[in-house]
Amino acid sequence: MKNGDTHISSFTSHAIVLIVLLALTFLSVSVTGYQLGAFSVTIALAIASVKVATVILNFMHVKHESLFIKLMISGVFILYALVIIITFIDYQLR
Amino acid sequence: MSNSETGTHVSYLEHEGKYKGLLGWLLTTDHKKIGLLYLYCIIVFFFVAAILGILMRVELIAPGQTIMGAQTYNGMFTIHGIIMIFVIVIPALPAIFGNFFLPIMIGAKDVAFPKLNLFSFYLFLIGAIFGVLSQFIGGGAPDTGWTFYVPYSSQSSTNVIYALIAAFILGFSSILTGLNFIVTMHRMRAPGMGWFRMPLFPWSLYATAWIQVLATPIVGITLLMVIAERVLKIGFFDPALGGDPVLFQHLFWIYSHPAVYIMILPGMGIVTEIFPTFSQKPIFGYTAILFSSLAIAFVGYFVWGHHMYTAGISTGSRWFFSFLTFLVAVPSAIKVFNWVSTLYGGSIEMRPPLLYAISFIFLFMIGGFTGLTLGSVATDIQVHDTAFVVAHFHYIIFGGMGFAFFAGMHYWFPKIFGRMYNDKLAYIGWGFLFTGFNVLYFPQFIIGLQGMPRRYFDYLPQFQTGQVISTIGGFILFTGLIIMVGNLVYHAKRGAIAPANPWKGVTLEWQIPSPPSHENFDEIPEINHAPYFFGNTSENK
C-alpha cells in the first residue's frame, strides 16, 4: 500500500474474483476441445495471463499500489511475454 | 569518537546473541555471519570441484585411458560443472560479498528479511550436498554435462534426478537471495542515499538480483519438466514421447545465459569498487557504469539462442540472436573503458586487490573477444562443442568471476576479519594463479580451433602437446590456489591487526571499525555526497 496505508478488500470483491478465476479455468479446459493448431498454446497462455493478472491485482493488492510498482510488475510481464514470443517465432520460422 | 577508538567496540565475530558457540553461527540471522557461512561452504565445495578438474586434466595428459574410464570421466565433468556453476559461480559473489557488504554499503543494519536470508543459506547447503552426493550414490554419477540436454538426460540411467533436484533447490536459494537484496535496496538505504548515490557494487547486485528473481524460475520449471518426463513419461522434450528437444534448449538457455551475467555482474561491481580506491580518485563514468549494468542485465535476457546455432533453430533466429549478442558487448566495453579511465591519472598504489582487479580486465577481455567468435554464426559453427568453447567459458567465468572474487577477497579481507594478510604471499599466489590460469586455458583455444572436441576423454595424438601444457598449467594453478587460500586462512586469525581503513577507501564499509559491529553502525549515517568522494577534487564537482 502507498505510504504504509492498509487496504481491506470486501468479501464481495473476493467472491467476484473467485468466480472469474473459475470461469477462466472452465474456459481453458473447454478450449482444449477445439483444434486450433499453433493458436492452442497462444490462447492457453492468454487465458493464463488474464488469470495471473487478476490474482496479482486483487489478491496481492497491486491495484492499490503506486504507479511505480505497477510499472515494475508490468515490465516483468512484458519481459516474459517477449521471451515466449521469441521462442515461438523460432518455431514459426523453421 | 567510534567505539573502536574508545576500546569498547565489540565486533560481529565476538558478539553473542541468543545462541552461543556453533549454534550461534548455525542459527544466526546476522547478514555478515551468513556471508561467512557461504564463504566457508563455497571454499570447501570449490576444492571438491577443483580436484575433479585436476583429475580430468591428469586423464587428458595422454591419449587413451590414463587414470579413469570414459564413463567416470563423463561423471567427473558433469559434477565438476554442476558444482562449479550452481554451487559456486552463481551464488558466490552475491551470497558472500553481497550478504556481507550490501547492507553496510547502503547504510543499513541488516538485509530486509534476515530469517529468509538464513533459510536461503540452508537451501543452498541442501542443494549443494545433493549435487555432491549425486556423484557417489545409486546408479552412478550423472553423465549429461551440467546442461542436462535432453533426450539423453531423460534416458540416462545415472543419478540425473539427484542432480536436477540439486540444481532446482539451489535455484530457489538464489531467487530468495535476489528478492531479499531487491527489497533491501528499495527500502533500507540510509537517509540521503538516493539511487544515484548508491555505490556501484550494490548497483551490480541490484541488476543481478532482478535476473535471479526473473530468470531462475524458468530453469526451475524446466528441470522439473525433465524429472516429470523421466518419472511420469510425460512428453515435453523427448521425441520418443512426442516432445521437442530444442524446446528444452530454449528454456534452459533462457535462464542459463542470463545466469552468466548473474556470475559476472557482481564481479564487475567488485572491481568497480577497487579501481577508485587504489587510484584515490572517483570512479570515471559512474552513471555509464550503472546503466551498463542494467543494460547487460536487460539485453542479456535476449541472447540465449547463441548457444543453439547448431541445434536446428531457424536462420532468422540465428541472425536475431547473433545481432543481440554483439549488442551486449557494448555495455561490457563501456565498463572496461571506464575502469581504465579511472586508473588514468590516478595516484595508483599497486597492492594485491588491484593486481587481481587488473588481471580480471586482462582475462575478461580475452574471454570477451573470443566470445565474439562464438557470437558470430559462421565462426561459431566451426568451433561449436570444441575445446575453444571450454577456453572461452573459463576465461569469462574463472578469469572474470574467479579473479574478481580473489580481488574482492583481498580487498575486503581486512574488513571481514579485522586482520591483514601477508602481501608477499599474496603476490606469489597471484603469480602462480595468473601463470597457471593462462598456461591451462590458452592452449585450449588453439587445440579447439584445430578440432579437439570438448567432453572427450580420448583424443588424437596431434592434440597431445596442447593437452600436456594444459595439464601442467592446471597444477601451477592449483598450487597458486593453495598458496592464496593458505595465506588468507592463516592470517584470518594470526595476521596483523587491520586498521578500519587500510586502503583509504571512501565507501561506507571503510568508515566503520574492522571487523564491523553486530549492527554495523552505532548510528545510521546520513549521506550528503556522491559515493566516491575523495575530497573537493575537480572530479567530484
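A nonpolar core is here a set of buried Ala, Val, Leu, Ile, Met, Phe, Trp, Tyr and Cys residues joined through side-chain atoms within 4.5 Å. In the present structure, which is a predicted model, the largest such core comprises 186 residues, and the members that touch the most others are Phe86(B), Ile88(B), Phe97(B), Phe148(B), Phe360(B), Trp412(B) and Ile416(B). Helix H4 of chain B, spanning residues 70-105, gives the most to this core, with 23 residues. The surroundings of Ile88(B) were examined with residues up to four places away in sequence left out; Ile88(B) then touches Ile42(B), Phe45(B), Phe46(B), Ala49(B), Ile83(B) and Met401(B).

Leu481(B) is placed in helix H16 of chain B, residues 464-494. With a relative accessible area of 3%, Leu481(B) falls under the 20% limit and is therefore buried. Apart from residues up to four places away in sequence, Leu481(B) touches Phe46(B), Phe47(B), Phe406(B) and Leu433(B). Between the C-alpha atoms of Leu481(B) and Tyr344(B), which lie 137 residues apart along the chain, the separation is 31 Å.

His31(B) belongs to helix H3 of chain B, residues 31-59. Its relative accessible area is 0%, so His31(B) is buried. The side chain of His31(B) comes to 3.3 Å from the backbone oxygen of Phe100(B). When neighbours within four places in sequence are set aside, the residues in contact with His31(B) are Asn99(B), Phe100(B), Pro103(B), Ile104(B), Lys109(B), Asp110(B), Val111(B), Asn117(B) and Asn520(B). Two of these contacts recur below: Lys109(B) takes part in a salt bridge, and Asn520(B) has a positive phi.

Salt bridges were then considered. Over all chains, the search of the whole structure finds 6 salt bridges. One of them joins Lys32(B) to Asp30(B), with the closest N and O atoms 3.1 Å apart; Lys32(B) and Asp30(B) are both buried. Another is formed by the side chains of Glu519(B) and Lys109(B), at an N to O distance of 3.4 Å. Because Glu519(B) lies in the segment after H16 of chain B and Lys109(B) in the loop between H4 and helix H5 (114-133), this pair ties together parts that are 410 residues apart in sequence. Glu519(B) is partly exposed, with a relative accessible area of 40%, and Lys109(B) is also partly exposed, at 33%.

A further salt bridge is found between Asp385(B) and Arg454(B), where the closest N and O atoms are 3.8 Å apart. This pair, too, links distant parts of the chain, 69 residues apart: Asp385(B) sits in the loop between helix H13 (377-383) and helix H14 (387-417) of chain B, and Arg454(B) in the loop between helix H15 (423-450) and H16 of chain B. The relative accessibility of Asp385(B) is 38%, so this residue counts as partly exposed; Arg454(B) is likewise partly exposed, with a relative accessible area of 22%. In addition, salt bridges that share partners join Glu349(B), Arg351(B) and Asp423(B) into one network.

Several backbone features stand apart from the usual pattern. Most residues other than glycine have a negative phi, and most peptide bonds are trans. A cis peptide bond joins Val150(B) to Pro151(B), with omega about 5 degrees; Pro151(B) is in the loop between H5 and helix H6 (152-155) of chain B. The peptide bond from Ser514(B) to Pro515(B) is cis as well, with omega near -15 degrees, and Pro515(B) is placed in the segment after H16 of chain B. Arg455(B), although not a glycine, has a positive phi of about 65 degrees. This residue is found in the loop between H15 and H16 of chain B and is partly exposed, with a relative accessible area of 29%. For Asn520(B), phi is near 70 degrees, again a positive value in a residue other than glycine. Asn520(B) is located in the segment after H16 of chain B and is buried, with a relative accessible area of 2%.

The contact between the two chains was also characterised. Chain A and chain B bury about 1,500 Å² between them, of which 75% is on carbon and sulfur atoms. On the side of chain A that touches chain B, 10 residues are nonpolar, 1 is polar and 2 are charged. Across this interface 0 salt bridges are found, whereas 6 residue pairs are in polar contact, both residues of each pair being at pLDDT 80 or more.

Notes:
Residues are numbered from 1 along each chain as its sequence is written. Chains are lettered from A and ligands numbered from 1 in the order in which they are written. Side-chain values use heavy atoms; hydrogens and water are left out. Helices (H or I, at least four residues) and strands (E, at least two) are DSSP runs, numbered from the N terminus. Buried means under 20% relative accessible area, exposed over 50%, partly exposed in between (1.4 Å probe, protein chains only). A polar contact is a pair of N or O atoms within 3.5 Å; within protein, one must be able to donate a hydrogen and the other to accept it, and residues adjacent in sequence count only if both atoms are side-chain atoms. Contact means heavy atoms within 4.5 Å. Buried area is the accessible area (1.4 Å probe) that two parts lose on being put together, summed over both. A salt bridge is a side-chain nitrogen of Lys or Arg within 4 Å of a carboxyl oxygen of Asp or Glu. Ala, Val, Leu, Ile, Met, Phe, Trp, Tyr, Cys and Pro count as nonpolar, Asp, Glu, Lys and Arg as charged, and the others, Gly among them, as polar.
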